[in-house]
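I opened the file and kept notes as I went. The entries follow the order in which I looked things up.

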Amino acid sequence: MSFEVRYSDLGGRIGKLNTAHGIIDTPAFIPVVHPINQIVDVKLLKKMGFGAIITNAYITLKHYGDNARKKGIHRIIDFDGIVMTDSGGYQVLEYGNIDIGPIEMAKFEIDIKTDIAVPLDKPTGFGLEYSKAIKYVNQTISNVKETVEVIKNNSCNTNEINTIWAAPVQGAEHLDLVEQSAKLFDNMNFKLMALGSPVELMEAYEFAKLSEIICTLKKTIPSKPIHLFGAGHPLTIPLAVALGCDMFDSASYILYAKDNRYMHSNGTTRLEEITYFPCSCSICNSYTPHELLETTEIERIIQLSLHNLYVLKKEVNSVKQSILDGRLWEYIMSKAHNHPKLMDAVRLFKNFDYLEDGTPIYKNKAIYFNEPYDQYRPEAKRFRKMVTKYIINNKNKLILYPETKIHPFYSSKNFIKIKELFSDGEVFSYNPFLGVIPAEISDIFPASHNIISIENDSQSFAANYSTFVDAMKFFLKVNQGKNIIIIANEFMKQIIHYFFYSQENIIKIFNSNIKIVDYKENILFDEISEIQ
Ligand SMILES: [Zn+2]
């Protein structure tokens with residue numbers, strides 16, 4: 001099995017996963033198909049661009065048995081694309097135990113020539129007490145070990161791509177169990193990880209918890225592809241992708257449709273509550289909400305399912321394009337503004353250092369700083385870290401000047417004037433999101449590739465920029481005893497007021513000759529020159 005990553009942003013990756021029946025372009029949504037009662041024609045799914053589907057091996061075994069072994073799963077469900085099979089874990093979650101063991105299940109999945117198989121697992125679900133969760137995880141691990149023996153005995157040495165096995169990582173909110181399972185499966189050489197059953201978690205909109213689980217898995221296994229079970233909501237898809245999941249499956253499109261729920265980019269609304277369709281797919285173009293309500297039940301379920309699939313596809317495509325554009329941060333932030341629970345999850349991103357690894361060092365497009373939280377986007381975090389070594393210098397006179405609209409700062413008129421006045425000094429600009437920026441490197445991304453909006457009129461807005469305060473503290477500490485001139489705009493004045501109280505205090509703390517000069521739109525350079 002090969003998984004090739006072509007582009008990335010945050011944890012999100014555009015990649016290709018090779019299977020026996022073709023390539024999955026990731027991130028990919030994989031619709032759940034029922035092996036017996038599939039309401040939406042699988043050929044339609046393929047036509048809509050869903051090249052891979054997932055179906056249930058347990059139900060297939062129970063219903064078709066030897067016939068499925070003879071025909072193979074592709075013919076059984078009449079789909080010539082990529083087929084993934086879930087082993088019955090979902091049935092275990094729903095009904096407790098099932099009457100088939102891991103060995104029989106593994107043999108069956110091999111016999112029906114599934115492209116991606118999952119060993120029989122025992123999902124922990126969500127909200128399971130720790131002592132039980134351990135038992136479930138250990139049961140899953142034991143099943144996986146038995147499955148591996150079956151795989152070894154059945155592997156053929158041809159050049160054909162065999163079934164890809166996805167290791168079911170259980171444990172849910174018990175993060176140590178997630179980590180333990182992941183490590184073990186990684187060592188057992190599984191190439192694909194499948195994160196188990198967070199359906200209940202997602203239904204409860206516990207996106208922050210979900211983020212912590214995904215982060216735990218990603219920190220343990222940074223590069224292998226990850227499948228997330230049960231993610232089929234327009235808010236969970238961008239979150240899961242941004243955190244590093246590559247595939248997800250769900251039956252949500254049909255389950256919502258059966259419940260008359262119409263999907264849109266931020267969630268679902270009941271069909272009877274809609275007057276205007278906010279969508280222009282072929283279904284929404286053919287019916288008014290009222291007309292769709294008037295159709296027969298089966299017709300309505302099919303049409304709503306197709307519309308829901310269209311929304312999911314659009315969501316996946318939007319996320320993919322955001323990765324290519326280097327705008328996944330902007331995209332996930334805009335989604336987060338539509339739901340506080342998603343915002344709770346995104347607020348954890350500042351602690352997830354691995355998101356920096358996937359974010360390109362350089363982007364063609366300017367990045368946006370719209371709100372205080374954007375100070376934590378990986379590009380800004382990385383820049384502030386990098387800059388620290390340039391802030392330590394041997395000049396005795398240092399000038400801090402607010403960043404101008406001209407990028408890079410060293411090409412602005414004001415910089416040139418300051419440099420004329422202080423030929424023996426070192427000039428820095430500052431910006432609420434990037435901190436203190438040495439002029440000499442003000443052409444480095446993203447110092448010269450950003451667009452800022454900052455609220456300036458509230459009394460305490462500066463209090464939200466803790467990374468800026470840290471950057472200032474570092475700057476003043478490493479340059480103790482020097483002559484420092486701070487040309488202070490409103491933002492800097494507030495920072496000084498809230499965190500250092502006064503000019504006198506800041507001089508006392510940092511034992512430097514610090515002068516603070518008010519910045520004005522047309523600053524008089526004579527005033528500054530008097531200071532030196
Ligand atoms: Zn539609």
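I began with the cut-off for burial: a residue counts as buried when its relative accessible area is under 20%. The model is predicted, and I read every value below as computed from it.

**Entry: the zinc site, burial.** I looked up C279 first and found 16% relative accessibility, so C279 counts as buried. C281 has 5% relative accessibility, and therefore C281 counts as buried as well.

**Entry: the zinc site, donors.** Which protein atoms hold the zinc ion as donors? I listed SG of C279, SG of C281, SG of C284 and ND1 of H307. These donors lie 2.2 to 2.3 Å from the zinc ion. I then checked the geometry: the angles among the 4 donor atoms run from 99 to 115°, and the site is tetrahedral. I wrote the spacing of the donor residues along the sequence as C-x1-C-x2-C-x22-H.

**Entry: whole chain.** I counted 24 helices and 20 strands in the chain. The C-alpha atoms fill a box of roughly 95 × 55 × 45 Å along the principal axes. Of the 532 residues, 56% count as buried. I also looked at contacts between residues at least 6 apart in sequence, and 71% of them join residues at least 24 apart.

**Entry: helix pairs.** I note two values for each pair, because two packed helices are described by the angle between their axes and the distance between the axes.

**Entry: α7 and α8.** I took helix α7 as residues 130-154 and helix α8 as residues 175-187. Their axes are 11 Å apart and the packing angle is about 10°. Angles under 35 degrees count as roughly parallel, so I entered α7 as roughly parallel to α8. On the α7 side the contact is made by Y130, A133, I134, V137, I141 and V144. On the α8 side I found D176, L177, S181, L184 and F185. By class, the contact of α7 with α8 has 9 nonpolar residues, 1 polar and 1 charged.

**Entry: α21 and α22.** At what angle do the axes of α21 and α22 cross? I read roughly 80° for helix α21 (residues 466-478) and helix α22 (residues 490-500), whose axes come within 11 Å. I therefore entered α21 and α22 as roughly perpendicular to each other. From α21 the contact takes F468, V469, M472 and K473. From α22 it takes F491, M492, I495, F499 and F500. I sorted the residues of this contact into 8 nonpolar, no polar and 1 charged.

Note on methods:
Residues are numbered from 1 along each chain as its sequence is written. This is a predicted model: local features need pLDDT of at least 70, side-chain atom pairs count only at pLDDT 80 or more; totals for chains, interfaces and linings use all residues. Side-chain values use heavy atoms; hydrogens and water are left out. Donors are N, O and S atoms within 2.8 Å of the metal (3.2 Å for Na, K and Ca); water is not among the atoms, so sites may look incomplete. Four donors count as tetrahedral if all angles lie between 85 and 135 degrees; four count as square planar and six as octahedral if opposite donors are over 155 degrees apart and all others between 65 and 115; anything else is irregular. Buried means under 20% relative accessible area, exposed over 50%, partly exposed in between (1.4 Å probe, protein chains only). Axes are lines fitted to C-alpha atoms, for helices over the stretch in contact, and angles run from 0 to 180 degrees between N-to-C directions. Helices (H or I, at least four residues) and strands (E, at least two) are DSSP runs, numbered from the N terminus. Angles under 35 degrees count as roughly parallel, over 145 as roughly antiparallel, 65 to 115 as roughly perpendicular and the rest as oblique. Contact means heavy atoms within 4.5 Å. Ala, Val, Leu, Ile, Met, Phe, Trp, Tyr, Cys and Pro count as nonpolar, Asp, Glu, Lys and Arg as charged, and the others, Gly among them, as polar.
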